[in-house]
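This report looks at how one chain of a two-chain model is divided and built, and then at its contact with the partner chain. Please keep the sequence and the structure in view while reading.

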Amino acid sequence: MDVTFKIRRRNPDLPDLAKPYWQEFLLKDVDPTDRVLEMLHRIKWEQDGSLSLRRSCAHGVCGSDAMRINGVNRLACKILIRDVGDKVQVEPILGLPVIKDLIVDMEPFFDHYKQVMPFFVNDDPLPADGRERLQTQADREQFDDTTKCILCACCTTSCPSFWANGHYVGPAAIVGAHRFIFDSRDQAGGERLDILSEPNGVWRCRTIFNCTPACPRDIEVTKAIGEVKLAIRKGTNVGIIETSAIH
Amino acid sequence: MQIHKHDAIIIGAGGAGLMAALYASQGGADVAVVSKLYPTRSHTGTAQGGIGAALGNLDEDKPIYHTYDTVKGGDYLTDQHAAKILAENAVEAVIELEHMGLPFDRTSAKRISQRRFGGHTRNFGEELVRRACHAADRTGHMILQTLYQQCIKNEVNFYDEFQVVDMIVVDGAVAGVVAIELGTGEFHIFHGKASFFASGGWGRCWSVTSNAHSLTGDGAAIALRRGVPLQDMEFFQFHPTGIYRMGILITEGVRGEGGVLINSVGERFMERYAPSAKDLASRDVVSRAIYLETRAGRSIKNRGYMHLDVRPQTVNRYFAEEGRDRADFIDESMVERKLPDILDFCRTYLGVDPVHEPMPVQPTAHYAMGGIPTNVDAEVVIDAAGRVMPGAYAAGETACVSVHGANRLGTNSLVDLVVFGRRGGMKMAEYVQGADWAPLPRDAGAEIEAEFERIRQGAGKSRPGELRQLMQETMMENVGVFRTEETLQKGIEDLAALRERFYKDLQIDDKSRVFNTDLMEAWELGCLLDLADVTARTALERKESRGAHSREDFKQRDDENWLKHSLIYQSGALSEPAYKAHFDKKVDLSLWEEEVERGLPEAQQKFRPVERVY
């Protein structure tokens with residue numbers, strides 16, 4: 001099949017192309033099971049080498065190629081032509097400064113992530129037997145969903161609250177905090193809840209739910225944010241996630 | 001050119017680089033991690049099934065069994081003392097990862113859960129053992145995330161999206177590296193007492209690969225161009241189960257959970273090739289079996305792929321035949337829980353649901369056993385006698401210790417990068433305390449800057465994308481699972497023709513500075529061409545079959561003449577390099593030699609090179 005790509009572009013280096021513009025490319029012999037990323041590569045490798053995008057693993061694990069495809073945030077490597085049809089519009093994700101073509105400045109995104117103490121904290125002495133800390137599989141599964149995050153920014157850059165206020169830490173950072181808040185081995189849950197109860201923390205979330213369908217890892221992002229809100233309100237991370245829901 | 005000064009420069013932010021960064025900074029060194037990708041994009045994150053360590057949480061296990069499996073898996077080209085260190089250090093390294101918060105799955109006794117994996121056995125091959133510590137089928141993702149998080153906690157300096165393109169050598173020692181800041185296109189010099197290459201593999205030399213687009217072997221190619229030899233380059237692993245045509249990896253953990261390979265006549269053919277380990281024989285064995293079945297006309301639809309079947313009814317039928325306990329039987333929810341990402345890949349890319357249908361799989365270029373030669377402390381060594389290049393370190397896939405020998409066992413890549421990343425980080429911290437700053441040459445960076453300008457001005461007719469595709473096709477066809485003198489000669493000729501076009505007829509569309517991925521991809525292609533070339537050349541010279549290197553014109557392993565490592569050197573201009581391969585580096589057989597010294601009769605010697613039987 002033939003597929004037309006309409007791509008939002010800019011190149012800050014070239015005065016004529018510094019302002020954003022749309023450019024169309026026609027691709028022939030496209031298979032419905034081809035990935036959008038492969039088609040962007042075909043454009044780059046066969047038609048216009050200057051088309052610029054980030055990508056690496058090409059199967060939805062590294063999180064490099066988040067972009068807005070037909071108006072929805074997707075990883076280009078995890079979406080097939082049959083999912084998007086023969087007219088495909090591709091733009092950079094929203095809410096972060098565009099550097100060139102589909103490449104945005106990710107620094108503000110990672111800065112937000114780093115604000116929530118996204119690392120394991122446990123200052124107790126290590127087990128005397130030199131072995132691992134113990135944890136039940138049920139406790140392990142409490143935070144399983146949020147361990148899947150690949151920091152692709154699909155959720156954060158689909159969030160109207162983030163678009164309206166770039167200081168909001170955003171869904172991805174909250175997911176990053178959730179992963180530790182509900183880890184039975186971690187000890188800094190209280191500090192993270194304090195950080196997230198600040199004005200740019202979880203309360204900027206208006207439960208719009210854009211983040212959940214945007215997640216290429218199928219993390220229930222809005223639910224995770226809700227669990228953090230509940231933990232702040234109850235002043236504890238215990239008893240928030242119902243273990244009965246876990247097999 | 002901006003100059004940044006740090007004690008230790010780490011190139012690459014995957015598992016090996018981050019591990020080295022953590023331990024070097026804890027050892028007091030001022031560390032900078034320079035990476036062409038944001039750290040969490042690194043390929044360690046795609047590792048699926050597990051990390052091997054003889055914790056013995058579910059089955060009796062010992063590091064010496066892991067050592068034996070690693071040596072045997074490597075078809076005896078593995079350096080035995082290094083394998084012993086790997087297996088012994090694996091236990092503490094995995095425990096340390098858990099202490100850093102890594103969310104391993106748990107056993108009913110609340111300990112780290114473990115699963116079976118190809119070639120991992122108890123008591124010197126007696127039976128398969130549960131050794132692979134796992135977090136669902138995204139163990140690598142958890143390792144990468146955990147290490148990155150710990151680096152944030154420890155305030156490690158990161159230079160994200162800075163691509164290292166050259167190394168600065170002064171009087172035989174490394175004084176730092178040259179990098180391009182991708183966002184601006186500017187060159188920067190990183191002046192360091194030590195430089196640590198953790199820049200990953202080069203699976204993108206082949207057309208069907210599990211490797212990320214970014215795995216272009218930059219670090220290995222840079223070292224090669226600056227006089228460092230590469231070791232054992234003829235050994236490149238094809239993983240037996242990549243998704244048909246796409247190459248995306250389907251973890252060996254699928255077979256670890258009971259999945260089986262089935263040919264077009266419905267036969268579990270691995271029973272014929274490896275009567276004992278069957279589907280969990282080592283990867284080289286299984287990949288060859290798939291090719292042989294294909295040649296015999298038994299691939300599915302005659303298209304060169306097999307079915308990988310993990311449907312509970314299939315798995316349980318074979319479990320019953322083997323007399324396994326009913327408690328081991330699996331059901332759909334277990335498959336969902338243990339292999340969520342695999343199911344997601346198949347559903348997304350194939351429209352196939354592995355719970356109800358078998359998956360179409362074929363061998364996929366996966367892992368470089370060879371690379372920058374190092375000793376067990378990740379110090380780069382530059383000759384057969386093990387002479388260290390001062391200030392140079394390497395670990396992970398880009399390095400060759402050699403613990404993987406001629407064929408790497410599943411899970412051992414993750415073990416390699418945590419064990420030798422850690423050892424190298426510690427060693428480097430020690431080194432920079434005593435070392436002086438080598439003065440930078442006045443023209444540092446000038447040569448590589450000129451080379452980039454040459455590429456940028458490319459106004460010929462050959463697009464990098466086309467040349468890369470031709471290279472990948474010839475490597476797949478001629479330097480793949482099976483090789484002969486004829487195919488290897490053909491590969492070398494094709495590569496020479498591509499090199500000619502790359503240096504004389506290149507076309508670059510993007511002449512700008514900011515994020516010029518056209519330019520970077522072209523330069524990366526140059527790296528791949530060098531690495532493809534040395535792979536084909538060492539493969540041509542090694543006239544035997546061993547591990548992943550299968551010569552159809554020399555089918556037998558030949559320990560008398562070829563139980564030794566290769567080292568290949570490059571010299572001359574990039575456009576017309578000269579190569580010299582040496583086969584004079586001895587394989588360390590120290591564990592076997594100890595057995596002989598202790599007077600063990602041959603039948604009781606475990607580390608004597610013998611024919612591999614799975």
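In this predicted model, the domain assignment splits chain A into domain 1, covering residues 3-104, and domain 2, covering residues 107-245. The C-alpha centres of domain 1 of chain A and domain 2 of chain A are 30 Å apart, and the contact between them draws on 13 residues from domain 1 of chain A and 14 residues from domain 2 of chain A. On the side of domain 1 of chain A that touches domain 2 of chain A, β4(A) gives the most, with 3 residues. By class, the residues on that side of domain 1 of chain A are 7 nonpolar, 4 polar and 2 charged.

Taken as a whole, chain A has 10 helices and 7 strands, and its C-alpha trace spans about 60 × 35 × 35 Å along the principal axes. Of the 247 residues in chain A, 51% are buried. Among the contacts of chain A with a separation of 6 or more, 65% are between residues 24 or more positions apart.

The strands of chain A include five that can be followed together. In chain A, 5 strands make up an open sheet with mixed pairing, in the order β2-β1-β5-β3-β4. The edges of this sheet are β2 and β4 (72-75) of chain A, each of which pairs on one side only. Neighbouring strands of the sheet are turned against each other by 35° on average, direction ignored. Helix α1 of chain A, residues 36-47, packs on the sheet and touches β1, β2, β3 and β5 of chain A, with its direction making about 95° with that of β2(A).

Strands of a sheet pair through backbone hydrogen bonds, in either a parallel or an antiparallel sense. Three of the pairings are set out below, each with one pair of facing residues where the pairing is described.

| Strands | Sense | Bridges | Facing residues |
|---|---|---|---|
| β1(A) (3-9) and β2(A) (21-27) | antiparallel | 7 bridges | T4(A) and L26(A) |
| β1(A) and β5(A) (87-91) | parallel | 4 bridges | K6(A) and Q89(A) |
| β3(A) (66-69) and β5(A) | antiparallel | 2 bridges | I69(A) and V90(A) |

Strand β1 of chain A therefore deserves a closer look, since in a regular strand the side chains alternate between the two faces of the sheet. Which residues of β1(A) point to one face and are buried? They are V3(A), F5(A), I7(A) and R9(A), whereas T4(A), K6(A) and R8(A) point to the other face and are not buried. Two residues of the latter group take part in the pairings tabulated above: T4(A) has L26(A) of β2(A) as its bridge partner, and K6(A) stands opposite Q89(A) in β5(A).

Chain A also meets a second chain, with 45 residues of chain A in contact with 43 residues of chain B. On the side of chain B that touches chain A, the elements giving two or more residues are α3 (80-99), α4 (139-153), α11 (340-350) and α16 (517-541) of chain B. Of these elements, α4(B) gives the most, with 6 residues. That side of chain B has 14 nonpolar, 17 polar and 12 charged residues.

Definitions and conventions:
Residues numbered from 1 in each chain as written. Chains lettered and ligands numbered in written order. Predicted model: local features only at pLDDT ≥ 70, side-chain atom pairs only at ≥ 80, totals over all residues. Buried ≥ 20, exposed ≤ 12 C-beta atoms within 10 Å, placed from the backbone. Contact = placed C-beta atoms within 7 Å. Pairing = 2+ DSSP bridges. Axes fitted to C-alpha atoms, helices over the stretch in contact; angles between N-to-C directions. Domains from an automatic or database assignment. Nonpolar A, V, L, I, M, F, W, Y, C, P; charged D, E, K, R; others polar.
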